[in-house]
Amino acid sequence: MPLGNVCGGFMALLEINNLKLEFGAGANAVRVVNGVSLSIREGETVCLVGESGSGKSVTALSIARLVPQPPASYPGGEILLDGKDVLKMDQRELQAIRGGVVSYIFQEPSAALNPVYRVGAQILESLKLHCPAKANDGEVIRLLKLVGIPAPESRVKDYPHQMSGGMQQRVMIAMALASEPKLLIADEPTTALDVTIQAQILELLQDLKQRLNMSILLITHNLGIVGDIADQVAVMYAGQVVETAPARDLLQQPLHPYTQSLMESVPNLGHQAERLQSISGNVPDARDFPDGCRFHPRCPVVQEDCSVRSPSLKEAIARRLVRCPYWERESP
């Protein structure tokens, strides 16, 4: 069941159904995403959460088919963006949605921005590609104002290295907003920033979402920021969604053992502990996913049949989907 069906049955801006993504071909093919389903309604923020290697970024890149083909291929599923299947689009149609309907903000803005061009010129280039009628210096300054950059008339002439990490990320957001997208995908947008700047960027995204009525897919490994921005949460592990829920419900009562373990590893300022909890082991390599439940080698409530039984994503309680038949069992 897609996440959108859990959220009230409204028409989704984005709906991913049973998506499968492989790298390679034939006997050497490695399936890195297996049966992922989620959806985002207009004006909604969904957080896709999980450790590095869970498949979050390649799932997000697949929305606009930015994963190179080959080596990637999609043996199954569909990605409905504004009602049209992205996996069936030709290059002309893909060019129209990239930036025009969906825009991306990537982590490490210093690496994403071109160091030899002024930031104003880079924003102007984005405007020329997607909104040529607005490709002028006045629109560039307006976008810089929109994302909260002070004195934009002078900062427009800066090179990326003349800006702080937070200002660079605001420039990236301005570039993403230049085409007035319906869906903004932010892939770990606060990873390289200090805590204070992280909070400012998240607050900016929340404000822009409300002002521009756009949807946001925020990718993160940090459940600590989910409560500040998300309406819905999808938790990914080893190429599969293992839990979906409204953000508040998930933070108050995580159901899947993996989600519970992620929550226990988040620092709690109101709780004194000698050391943080950690999840034993690592996310398995996509070439060596375990049989049965993919989390069972690390699971604190593992049962005898978990190594052979592959659980499906099912409704556990109202508006909550969980990929675990033993979700009601408490961790030891």
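This report walks through helix packing, salt bridges, backbone oddities and a few buried spots in a predicted model.

## Helices 5, 6 and 8

Let's start with helix 6, residues 137-146, and its two helical partners. Its axis sits 9 Å from that of helix 8, and the two pack at an angle of about 125 degrees. That value falls outside the 65 to 115 range for roughly perpendicular and is not over 145, so helix 6 and helix 8 count as oblique to each other. The crossing is right-handed. On the helix 6 side the contact comes from L143, L144 and L146, and on the helix 8 side from V171, A174 and L177.

Helix 5 (residues 119-130) meets helix 6 too: the axes come within 10 Å and cross at roughly 110 degrees. This pair is therefore roughly perpendicular. Helix 5 brings G120, I123, L124 and L127 to the contact, while helix 6 supplies D137, E139, V140, L143 and L144. Note that L143 and L144 turn up in the contact with helix 8 and again in the one with helix 5.

## An arginine without a partner

R170 is part of helix 8, which covers residues 165-177. Here's the curious bit: R170 is buried but has no salt bridge. The nearest side chain of opposite charge belongs to E203, and that is 7.4 Å away. A salt bridge here needs the nitrogen and oxygen within 4 Å, so a gap of 7.4 Å doesn't qualify.

What does R170 touch instead? Setting aside residues within four places in sequence, its contacts are V147, G148, I149, Q200, I201 and L204.

## Salt bridges that do form

The model has 13 salt bridges in the count. One of them joins R298 to E51, with the closest N and O atoms 3.0 Å apart. Both residues are buried. R298 sits in the loop between helix 12 and strand 11 (314-317), and E51 in the loop between strand 3 and helix 2, so this pair ties together parts that are 247 residues apart in sequence.

Two others stay within a single helix. E139 pairs with R142 at 2.8 Å between the closest N and O atoms; they are three residues apart in helix 6, which puts about one helical turn between them. E139 is buried at 10% relative accessible area, whereas R142 is partly exposed at 38%. In helix 9 (residues 195-212), R211 and D207 are four residues apart, again about one turn, and their side chains meet at 3.1 Å, N to O. R211 is exposed at 52%, and D207 is partly exposed at 31%.

## Backbone oddities

The loop between helix 2 (56-62) and strand 4 (72-81) is worth a look, starting with P70. The Q69 to P70 peptide bond is cis, with omega near -10 degrees. The bond joining P70 and P71 is cis as well, with omega about 15 degrees. P71 is in that loop too and is partly exposed at 45% relative accessibility. Beyond its sequence neighbours within four places, P71 is in contact with E22, F23 and G24. F23 is 48 residues away in sequence, yet the two C-alpha atoms are 5.3 Å apart.

R65 belongs to this loop as well. Although not a glycine, R65 has a positive phi of about 50 degrees, and at 13% relative accessibility it counts as buried. E180 also has a positive phi, near 55 degrees, without being a glycine. E180 is in the loop between helix 8 and strand 7 (183-187) and is partly exposed at 47%.

## Buried spots

Helix 12 (residues 257-264) has six of its eight residues buried, so the rest of the structure largely encloses it. The buried ones are P257, Y258, T259, Q260, S261 and L262. They pack against strand 3 (45-49), strand 9 (232-237), strand 10 (240-246) and helix 11 (247-252).

V36, in strand 2 (residues 30-41), is buried at 0% relative accessibility. Leaving out residues up to four places away, V36 touches I16, N17, N18, L19, T59, M236, G239, Q240 and V241. The C-alpha atoms of V36 and S312 are separated by 11 Å, with their places 276 residues apart along the chain.

Conventions: Residues are numbered from 1 along each chain as its sequence is written. This is a predicted model: local features need pLDDT of at least 70, side-chain atom pairs count only at pLDDT 80 or more; totals for chains, interfaces and linings use all residues. Side-chain values use heavy atoms; hydrogens and water are left out. Buried means under 20% relative accessible area, exposed over 50%, partly exposed in between (1.4 Å probe, protein chains only). Lys and Arg count as positive and Asp and Glu as negative; His and the chain ends are not counted. Contact means heavy atoms within 4.5 Å. Axes are lines fitted to C-alpha atoms, for helices over the stretch in contact, and angles run from 0 to 180 degrees between N-to-C directions. Angles under 35 degrees count as roughly parallel, over 145 as roughly antiparallel, 65 to 115 as roughly perpendicular and the rest as oblique. A crossing is left-handed if the near helix is turned anticlockwise from the far one by less than a right angle, and right-handed if clockwise.
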